[in-house]
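Got your viewer open? Load the model, get your selection tool ready, and follow along one stop at a time.

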Amino acid sequence: MAKSTEPSNAENLRPEATSSLARTPLFDLSLELKARMVPFSGWEMAVQYRGINTEHQAVRSRAGMFDISHMGKFGLRGKNLIEKLQTLVPSDLGRLQPGQAQYTVLLNAKGCILDDIIFYYQDPDPTTGEQRGVMIVNAATRARDKAWIGAHLELSGISFIDISKEKVLIAVQGPQATAHLQQFVKENLAAVKFFGHLEATVLGEPAFIARTGYTGEDGFEVMLDAIAGKELWRNLLAAGVVPCGLGARDTLRLEAAMCLYSQDIDDTTTPLEAGLGWVVHLDSKGYFIGRKVLEQQKATGVAKRLVGLEMEGRHIARHGYPVLSEGVVVGEITSGTLSPTLNKAIALAYVPTPLAAIGQQLEVEIRGKNYPGVVVKRPFYRSPKR
């Protein structure tokens, strides 16, 4: 489901006052596991349980689970739902069949990204024939997304429901995710294709399951009511699935070069600049907000591009660090970490397009000294299962 805005350098987070923070229905279960809790996007969330590297490697080699119940969850239905949503995103939602999903972005009039989302197109209502869908958005932008959709979507005949607070969302990720989750699901998960989804029965209760995630591994995201969600979490834990926090979620997504909203993409960057041109379908759809800007960029090229950098040695290029070419600052790091899988320092950065070619030598200023890095192909890591 849609990628949550996780901290780029989770180890740098510090506890703050938590009296006004929201808590997911699984909060107490995380406390039982002695998770380290931190404030994040208005929520008190687990940043780690057993340690970031341990959790990261569990997802890469076996299976891990994440409480991502803080994310925004919208339910939509209406006879012309797909047609009306088409104006809000650059992707052609008309390509979708029920049971399929599309990762895409909400754009402003400047063609820049208000949020990255996933829209799941469901089977029509058997009684009314209305089109139905689920939209998952980032936690930090939920309220803004809700207002934007309400202001720009022709809502006549469309039902829009915010189910963010009433549903639990658990991501089960890793090469053994299917085997572990299948024990508690009535339907055959092996039949669900990547970016497919279905309405299922989990522990005897109704649930929504999607074969999506934010780790670069195979896996599922399960949305269900709070009581059933708690029971599923306990059962997965007993089955050996490793609980994982925001820290491992961030290192996993960065190895897979998945963008983080508010750092790698935001309302000043376009999808073409961010390397998300594959979600822009100019040839197969008509008007959408921001189309003219993207048409112009497609025709003339972009001035800057998001690139992957591999640092020499173990010098970690973190968010906000300057990127230089021949001693001149030309860009800025958006996300960076020491990859637990590759044992290399990796980062994402925006640089001028002429400096974005694979193999381009650059430098990053780290605490007053410049260290070499090279532009490499993204993603940094690709799962054999994917």
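Start by selecting helix H1 (27-32), strand E2 (43-48), strand E3 (64-67) and helix H7 (246-255): each of them supplies at least two residues of the lining of the largest cavity. Keep in mind that you're looking at a predicted model. Which element gives the largest share of that lining? It's E2, with three residues.

Now zoom in on the hole itself. The largest cavity has a volume of about 90 Å³. It has 15 lining residues, and the ones closest to its centre are Ser30, Met45, Ala46, Tyr49 and Asp67, so show those as sticks. Colour the lining by class and you'll get nine nonpolar, three polar and three charged residues. How do you find a space like this at all? Rolling a probe the size of a water molecule over the atoms shows where empty space is left.

How many cavities of 30 Å³ or more does the structure hold? Two, so there's another one to visit. The second largest cavity comes in at about 30 Å³. To see its walls, select Leu85, Leu88, Val89, Leu93, Thr104, Leu106, Ile117, Phe119 and Met135. Strand E5 (100-107) and strand E6 (113-122) are the elements that give two or more residues to this lining. By class, the lining of this second cavity has eight nonpolar residues, one polar and no charged ones.

Next stop: aromatic rings. The structure holds five aromatic pairs, and we'll look at two of them. Go back to Tyr49 and add Trp233. Their ring centres are 6.4 Å apart and their planes meet at 40°, so this pair is tilted. Tyr49 lies in the loop between E2 and helix H2 (52-61), while Trp233 is in helix H6 (residues 226-238), so the pair ties together parts that are 184 residues apart in sequence. Are these two buried or exposed? Tyr49 is buried, with a relative accessible area of 12%, and Trp233 is buried too, at 1%.

For the other pair, select Tyr103 and Trp278. These rings are stacked, with 5.7 Å centre to centre and 25° between the planes. Tyr103 is in strand E5 and Trp278 in the loop between H7 and helix H8 (291-300), so this pair links parts 175 residues apart in sequence. Switch on the surface here: Tyr103 is buried, at 8% relative accessibility, whereas Trp278 is exposed, at 52%.

While you're looking at rings, hop over to Tyr350. Lys304 lies over the face of this ring, at 4.9 Å from the ring centre.

Now select helix H4 (residues 142-152) and turn it until you look straight down its axis. Asp145, Trp148 and Ile149 are buried. Why do they line one face of the helix? Seen down the axis, the buried residues of H4 fall within an arc of 95°, so they share one face. The general rule helps here: an α-helix has 3.6 residues a turn, so residues three or four places apart point the same way. Swing round to the other side of H4 and you'll find Ala143 and Ala151, which are exposed.

Last stop: find Gln176, in the loop between strand E9 (167-173) and helix H5 (177-182). Gln176 is partly exposed, with a relative accessible area of 34%. To finish, draw a distance line from its C-alpha atom to that of Lys285: the two residues are 109 apart along the chain, and the line should read 39 Å.

Definitions and conventions:
Residues numbered from 1 in each chain as written. Predicted model: local features only at pLDDT ≥ 70, side-chain atom pairs only at ≥ 80, totals over all residues. Heavy atoms only, no water. 1 Å grid on protein atoms, 1.4 Å probe; cavity = no way out; pocket = protein on both sides within 12 Å on 5 of 7 lines; lining within 4 Å. Points joined across faces, edges and corners; volume = space filled by probe spheres on them. Helix = DSSP H or I, 4+ residues; strand = E, 2+ residues; numbered from the N terminus. Nonpolar A, V, L, I, M, F, W, Y, C, P; charged D, E, K, R; others polar. Phe/Tyr/Trp six-rings, centres within 6.5 Å; stacked < 30°, edge-to-face > 60°. Buried < 20%, exposed > 50% of the residue type's maximum accessible area, 1.4 Å probe, protein only. Lys NZ or Arg CZ within 6 Å of the ring centre and 35° of its normal. Arc of directions from axis to C-beta.
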